[in-house]
Amino acid sequence: MSLDLTRRDLILADHLIDGRWCGAAAGARFAVTDPADGSLVSEVPDASAEDARAAVDAAQRALPAWRAKPARERAQVLKRWHAAILAHQEDLGRLISREQGKPLAEGRGEIAYAASYVEWFAEQAVRANGEVIPAPVGGRRLLALREPVGVVAVITPWNFPAAMIARKIAPALAAGCTVVGKPAEDTPLTSLALARLAQEAGVPDGVLNLVTASRAQAAAVVDVWLADARVRKISFTGSTPVGKHLARASADTLKRLSLELGGNAPFLVFDDADLDAAVQGLMASKFRNGGQTCVCPNRIYVQDGVHDAFVDKLAGRVAALKVGPASAADSQIGPMINARAVDKIARHVEDAVAQGARVVTGGRRLEALGPNYYAPTVLAGATPRMQLSCEETFGPVAPVFRFRDEAEVLALANDTPFGLAAYFYTRDIARAHRVASALESGIVGVNEGAISTDVAPFGGVKESGYGREGSVHGLDDYLQIKYVCEGGL
Ligand code: NAD
């Protein structure tokens, strides 16, 4: 199987409804641009309610045959899709870098990461076992069957254009659900390319439908899915305000929901930590994708005894990061996704400095590179009332807070409505167990900054949402239990 990703007419300028690549019913289009320089990458359909309804019609029609297929056959389709994604890793990686801005090595890495979920759920498809329950009275057999929930709507953000959508579509298809999806408006092209490969891998017409829509049209599309009782589940990754809106608006049809929302991850460094390992872990988790990840540390708490040494080591590493477009082979930090994102970062840094933080390195826009670049930054003297302590900065800014003892830092770390990821570094085994238990988050990295993997459950608590992606639990979100009571045996 081969796919020519340069054939824009084929995959980069149409969306997919009922197996057909087409424009929006109303004919509208919107531009997708390269965040590195604002150049036009493609123009894709700007869907309206009509396209959204057509996608559900197709998904509903395709559901009976897809859910009836033996799990082994659905798994085979997913395995072919997995192989096709890896066969196109280079092209897909370039496409991500072009529309999203991350350095090419990270673009390639994201494709491998996205593919790992497809493989994992191909393997899990055949393990959706039910139960036989010992009957309380004679002459009966009680069964708990696990069935696909039905048509699933998936809505994804721009920061991981391949991984976020792959880890929703793969379990949905594995479970026997059909899908309507809307990728983020900044980065629809990677999703369209993945859908094209899925089609070539044998996903039948109507089983996977993707519509593209501009920011202005996003709500019009998703509102149709929210109101349609045939859509039985929504899986959303994105910001907490939009997630809350989806939760409220799903109430009338009581849809199942998986919500992977914003984070505000704390990163704790205790006096007894291996400082070099802690700096390395922070570099890996904070500066990946230019700090535009939901699990990246947003608040760095360092204990008194190692504070100054840690800040020195960190600043040395951060100042050496190479910033530039994805097209430059040595870039380690690309552009931010858009001007709004850079403005937010600048606002957070200005607010912190106005409240007494000290810029150790960075702290400025890099206008010579373009309007979307911001220098990798370390701030010392951060305090809890600063904006960057209360909400995600979503950029390459590492604010360092100083703390005295474990009780104090746990209170600070947990003092947030969010609870996605948390990290800490210590060499004290008792503290490792204690702090891992005390942190209010869905994911904890202990002496480790790179925590994401297809085999482990990914998801949050508190206002970071609910549901888990990946792992043996990831399929459950797309299955419902039917109890069958057989009598008269
Ligand atoms: P966003 O919430 O603005 O957009 C996400 C998606 O929702 C996009 O497809 C967008 O078009 C759509 N959308 C926007 N407004 C909508 C509306 N009114 N109705 C229906 N759909 C709407 O988020 P973003 O800026 O694209 O992504 C960044 C956010 O995503 C951050 O908060 C980040 O933490 C979060 N995120 C979370 C995870 C996770 O797994 N928890 C992973 C990646 C990103």
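**A short tour of two strand regions**

Start by selecting Val132: opposite this residue, in strand E6, stands Leu143. Keep in mind as you look around that this model is predicted.

Now widen the selection to strand E6, residues 141–148, together with E5; the two pair in the antiparallel sense over three bridges. Add strand E22 and you have an open sheet of three strands, ordered E5-E6-E22, with antiparallel pairing. Which strands stand at the edges? They are E5 (131–133) and E22 (479–486), and each has a single partner strand, so one side of each has no neighbour in the sheet. Turn the view a little: neighbouring strands here are turned by 25° against each other on average, direction ignored.

Next stop: select strand E18, residues 421–425. Is this strand mostly covered or mostly open? E18 is mostly covered, with five of its five residues buried. Show the side chains, and remember that in a regular strand they alternate between the two faces of the sheet. In E18, Ala421, Tyr423 and Tyr425 point one way, while Ala422 and Phe424 point the other way.

Then bring in the partners of E18. Strand E12 (residues 265–269) pairs with E18 in the parallel sense over three bridges; pick Leu268 and you will find Phe424 as its bridge partner in E18. Strand E19 (residues 443–446) also pairs with E18 in the parallel sense, over four bridges. Here, Tyr423 has Gly445 in E19 as its bridge partner.

For the last view, add helix H15, residues 429–438: E18, this helix and E19 make a right-handed β-α-β unit.

Technical notes:
Residues numbered from 1 in each chain as written. Predicted model: local features only at pLDDT ≥ 70, side-chain atom pairs only at ≥ 80, totals over all residues. Pairing = 2+ DSSP bridges. Axes fitted to C-alpha atoms, helices over the stretch in contact; angles between N-to-C directions. Buried ≥ 20, exposed ≤ 12 C-beta atoms within 10 Å, placed from the backbone. Right-handed = clockwise from strand over helix to strand, strands pointing away.
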